[in-house]
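Trainee: I have a chain in front of me and some questions about its strands and its charged residues. Can we go through them?

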Amino acid sequence: MISTEKIEAAKERFGQLLKEQLQRVEEMKAQGDFIDYKSLDQIKIGVCGGDGIGPAITSQAQRILEYLLRDEIKAGKVAFHVIEGLTIERRAAENAAIPPAVLDEIKKCHVILKGPTTTPRKGDPWPNVESANVAMRKELDLFANVRPVRIPEQGIDWTFYRENTEGAYAVGSKGVHVTEDLGVDFTIATTQGTERIIRAAFEFAKANGKTRVTAVTKANIIKTTDGKFLDIFREIAKEYPDITADDWYIDIMTAKLVDEKRRKDFQVVVLPNLYGDIITDEAAEFQGGVGTAGSANIGKKYAMFEAIHGSAPRMVQEGRDIYADPSSMIRAGAMLLAHIGYNKEADKLYRALDICTVTEKKIVTTGRSNGATGAEFADYVMETIEKLK
Ligand code: IPM
Ligand code: MG
């Protein structure tokens with residue numbers, strides 16, 4: 001028996017989702033331009049440690065940023081605010097993806113350095129609250145997730161522009177169990193949301209001398225939303241005649257990234273949320289694993305910088321969090337510096353990280369007591385910066 005009552009209930013839920021998303025479209029239409037950090041009297045940097053190894057590695061990244069920005073801090077041009085409470089315990093207790101009081105504190109800052117947060121999975125002891133990452137990206141409208149992967153010796157220099165507020169993630173926690181037997185999830189693409197991410201990718205390419213932007217979709221199958229993404233990509237590409245624009249389907253793109261002859265040719269890649277999630281883990285693996293990658297989440301008003309790995313709760317249970325490798329958080333910190341206009345400092349930090357994690361590696365973390373602590377590694381990074389010309 002098909003229950004019309006259940007279908008009506010599902011339609012009701014779906015209607016609500018559509019209202020929310022159309023409301024979001026109106027908000028995007030009303031949005032101004034990107035914030036100009038130079039016009040601020042003081043740039044406020046919020047630091048959220050997060051869960052598991054998060055506080056241990058985030059505090060090391062903070063130490064390095066405070067060291068690089070010491071003159072600015074003294075002059076009152078930059079201030080750090082440690083924001084407590086973005087933890088799974090508190091989120092579970094308040095049954096909120098981000099506790100409202102924490103979100104208020106976050107919104108008082110301009111940029112956020114965020115440690116990894118636990119995302120409850122089915123079977124966990126926590127209520128199924130939405131991922132704090134995903135919630136923060138939505139709350140602060142951080143639509144561009146920028147993930148660079150560089151392996152100079154292999155000629156790889158990729159920058160992924162992952163759409164961060166739409167696709168399968170936008171309403172990922174709001175699917176409907178229509179009946180016991182039928183589950184439905186939703187994926188969305190808006191004109192405004194698609195245009196802004198694609199334009200951001202082309203603008204980045206233009207500003208950084210890149211000659212190719214590649215879109216990745218599965219528009220042959222997911223015809224409406226991915227189709228929209230691809231159509232808009234082709235339209236916007238016409239505004240950038242000096243940049244080669246091409247598109248690939250996600251399946252063959254995943255394969256091409258392991259093709260050593262072809263993969264060097266990719267430069268800037270723009271893609272919907274879920275494909276971006278998947279392919280940036282694959283890409284980071286070539287560079288040395290997700291632990292080596294930083295990620296910038298950029299919106300017009302706020303920006304947030306994070307590692308792309310998880311919170312490793314087992315390391316904390318075994319008392320090993322002080323040995324956790326902070327290099328991805330430090331890399332996220334370098335992206336933060338560049339984003340707020342401290343390019344010289346960012347550049348120093350990138351160079352020091354290359355020395356400390358690739359060429360010299362005098363001090364290494366192993367995640368265990370036979371390796372360095374995160375603090376020792378951070379000291380090594382700062383000593384290395386000190387020696388740079
Ligand atoms: C990432 C992560 C997150 C995501 C998780 C932790 C919610 O995998 O930043 O790529 O899926 O976006
Ligand atoms: Mg991911």
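**Strand β5 and two buried charges**

Mentor: Start with strand β5, in this predicted model. Seven of the eight residues of β5 (residues 156–163) are buried, so the rest of the structure largely encloses this strand.

Trainee: Which strand runs antiparallel to β5, joined by eight bridges?

Mentor: In the hairpin before β5, four residues lie between the strands, and Gly-155 takes a positive phi near 70 degrees. Across the pair, Asp-157 in β5 is the bridge partner of Arg-150. The strand joined to β5 by those eight bridges is β4 (residues 144–151).

Trainee: Which residue of β10 stands opposite Arg-162?

Mentor: Strand β10 (residues 268–271) runs parallel to β5, and four bridges join them. The residue of β10 opposite Arg-162 is Leu-271.

Trainee: How far is Arg-331 from the nearest side chain of opposite charge?

Mentor: Arg-331 lies in helix α13 (residues 327–339). Beyond its neighbours within four places in sequence, its contacts include Tyr-350, Leu-353 and Asp-354. A salt bridge requires a side-chain nitrogen within 4 Å of a carboxyl oxygen. Arg-331 is buried and has none; the nearest opposite charge, Asp-354, is at 4.4 Å.

Trainee: Which side chain of opposite charge is nearest to Glu-345?

Mentor: Glu-345 sits in helix α14 (residues 343–359). Leaving aside neighbours within four places in sequence, Glu-345 is in contact with Leu-68 and Leu-337. Glu-345 is buried without a salt bridge, and the nearest side chain of opposite charge, 4.9 Å away, is Lys-344.

Definitions and conventions
Residues are numbered from 1 along each chain as its sequence is written. Chains are lettered from A and ligands numbered from 1 in the order in which they are written. This is a predicted model: local features need pLDDT of at least 70, side-chain atom pairs count only at pLDDT 80 or more; totals for chains, interfaces and linings use all residues. Side-chain values use heavy atoms; hydrogens and water are left out. Buried means under 20% relative accessible area, exposed over 50%, partly exposed in between (1.4 Å probe, protein chains only). Lys and Arg count as positive and Asp and Glu as negative; His and the chain ends are not counted. Contact means heavy atoms within 4.5 Å. Two strands pair if DSSP finds at least two bridges between them.
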